[in-house]
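Trainee: I am new to this structure. Please take me closely through a single part of it, and then show me what surrounds that part.

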Amino acid sequence: MSDKTSAVATSPSGDPWLLTPGPLTTSVTTKEAMLHDFGSRDKKFIEINRRVRSSLLNIINGQDDFVCVPLQGSGTFSVEAMLGTLVPRDGKLLILVNGAYGHRMAKICKYYNRANEIMEYPEDQPVSISDLDAKLNEDKDITHVAVIHCETTSGVLNPIAGVAEIVEKHGRSLLIDSMSAFGALPVDSTKIRYDAVAASSNKCLEGVPGMGFVLIRRSALEKAEGNAPSLVLDLYDQWVQMEKTDQWRFTPPTHCIVAFDQAIREFEEEGGVDGRGGRYASNCKILVDGMRALGFQTLLPDHLQAPIIVTFHKPTDPKFDFQDFYDRLAERGYLIYPGKLTVADSFRVGCIGRMGNDDIRDALVVIKETLNEMGVTNCASAAA
Ligand SMILES: *Cc1c(COP(=O)(O)O)cnc(C)c1O
């Protein structure tokens, strides 16, 4: 941090720091990878595409039993494609919900006319494994269970290993949305039993937005022909065509893929999930400790907090106006995120992306200065 208190902070590419859950700050080298054009049938591009798919399988130790099906679009496209492709028309999906992304899955089922049921928990609590056990005992129509790894609505970590154990015990199929956790928290397919996990290029793998992917157990995908009610979101067809021709069915997001290739290389150089997750965990701890020292209260107790994004209660001090706080931080080069909770007035600060511990410390200095400028003296919240 420079001694000029009004200095504008910038990332190495001169951009604001994105303290958000995605898109997020990417490395200069990842952005530079996009300074070239590639033909979709170009040998070089095909090789890069193959490498990206293979590297993604390595992250879950899935080379033997899983396939990687990439898909154009934001992460939700991949979640929708996963549900539409893997839940058969006569199947029934049980969705474990503790935030907006779980509800979004239910909405997808409604569009697709797929039988579904939700088991809902408050946004500041994980989903319950014992409830799931009881539910699967009682409802034999349920064929698939879906769970969100880190519910980005609040930042709460769900117990996916425990969920997977119960789903396996009952012989059902588990689908995981690990969008905001993939690359930072383990979803090792040799340790956790599931049939598919969906994620995207622009969260913890620090690529640019534009594509998602679903890693699917080959035996589950082989049975999924004809399930999907949408051509573009049919992962079975996407997979079969890509295996056959090495090409995407429709115009591939070439620049996004070459940037993703570079981002994955940097992820591997950082030490994979352990290295990336370790940096985010220390970012998260510095952020939470620093904000608490300023008087802020977190929504979640530490043991439920995933090192991805932190929800803070809005201070009750009348001088604290979130929009004003947001705008002032944006002027100083830090973009934070509004809250998405239904239970409490809050805002969120992300700890993921190409940011180190010192960048978080710098952000805390600016947050403190900003509160002083606003005349906010008490950051406590009555709701906490
Ligand atoms: C980001 C995210 C998604 C996908 O969101 P998009 O805006 O479509 O990229 C899905 N699930 C979770 C848990 C997420 O954090």
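Mentor: Start with two helices in this predicted model. Helix α9 covers residues 254–269, and helix α10 covers residues 272–293. They pack with their axes 7 Å apart, at an angle of about 85°. An angle from 65 to 115 degrees counts as roughly perpendicular, and α9 and α10 are therefore roughly perpendicular to each other. Look at who meets whom. From α9 come E266, F267 and E268. From α10 come G272, V273 and R276. Sorted by class, this contact of α9 with α10 holds three charged residues, two nonpolar and one polar.

Now move on to the sheet beside α10. Three strands make an open sheet, in the order β11-β14-β13, with antiparallel pairing. The edges belong to β11 (309–313) and β13 (337–338). Each of these has a single partner strand, so one side of each is left without a neighbour in the sheet. Helix α10 packs on this sheet and touches β11 and β14. The direction of α10 makes about 10° with that of β11.

Take the pairings one by one. β11 and β14 run antiparallel and are joined by five bridges. In that pairing, T311 stands opposite R348 of β14. On the other side, β13 pairs with β14 (residues 346–350), again in the antiparallel sense, over two bridges. There, P338 stands opposite F347 in β14.

Stay with β11 a little longer. Side chains in a regular strand alternate between the two faces of the sheet. In β11, I309, T311 and H313 point one way, while V310 and F312 point the other way. All of them are buried. That is five of the five residues of β11, so the strand is largely enclosed by the rest of the structure. An edge strand in its sheet, β11 is nevertheless buried.

β11 also leads us to a record. UniProt, in an unreviewed entry, places the feature "domain: Aminotransferase class V" at residues 40–313. The end C-alpha atoms of that span lie 47 Å apart. The span is 42% helix and 18% strand.

Next comes another sheet. This open sheet has seven strands, in the order β2-β10-β9-β8-β5-β3-β4, and its pairing is mixed. At its edges stand β2 (66–72) and β4 (115–120). Each has a single partner strand, so one side of each lacks a neighbour in the sheet. Neighbouring strands are turned by 20° against each other on average, direction ignored.

Look at one pair inside this sheet. β3 (residues 92–97) and β5 (residues 144–148) pair in the parallel sense, over three bridges. L94 has V145 in β5 as its bridge partner. Helices cover these strands too. α6 (residues 160–169) packs on the sheet and touches β3, β5 and β8. Its direction makes about 160° with that of β8. Helix α3 (residues 75–86) lies across β2, β3, β5, β8, β9 and β10. α3 runs at about 160° to β9.

Between β9 and β10 there is a loop, and K203 sits in it. UniProt lists K203 for "modified residue: N6-(pyridoxal phosphate)lysine", again in an unreviewed entry. K203 has a relative accessible area of 10%, so it is buried. Leave aside its neighbours within four places in sequence, and K203 is in contact with P21, L24, M179 and S180.

Two of those contacts, P21 and L24, point us to the backbone at G22 and P23. A cis peptide bond joins G22 and P23, with omega about -5°. P23 lies in the loop between β1 (17–18) and α1 (28–32). Most peptide bonds are trans, and most residues other than glycine have a negative phi.

Two asparagines have a positive phi. N61 has a phi near 55°, and N113 has one near 60°. N61 is in the loop between α2 (43–59) and β2. N113 is in the loop between α4 (100–112) and β4. N61 has 46% relative accessibility, so it counts as partly exposed. N113 has 68%, so it counts as exposed.

How values were computed: Residues numbered from 1 in each chain as written. Predicted model: local features only at pLDDT ≥ 70, side-chain atom pairs only at ≥ 80, totals over all residues. Heavy atoms only, no water. Axes fitted to C-alpha atoms, helices over the stretch in contact; angles between N-to-C directions. Helix = DSSP H or I, 4+ residues; strand = E, 2+ residues; numbered from the N terminus. Parallel < 35°, antiparallel > 145°, perpendicular 65-115°, else oblique. Contact = heavy atoms within 4.5 Å. Nonpolar A, V, L, I, M, F, W, Y, C, P; charged D, E, K, R; others polar. Pairing = 2+ DSSP bridges. UniProt positions renumbered as here; feature names shortened; annotations may be inferred. Buried < 20%, exposed > 50% of the residue type's maximum accessible area, 1.4 Å probe, protein only.
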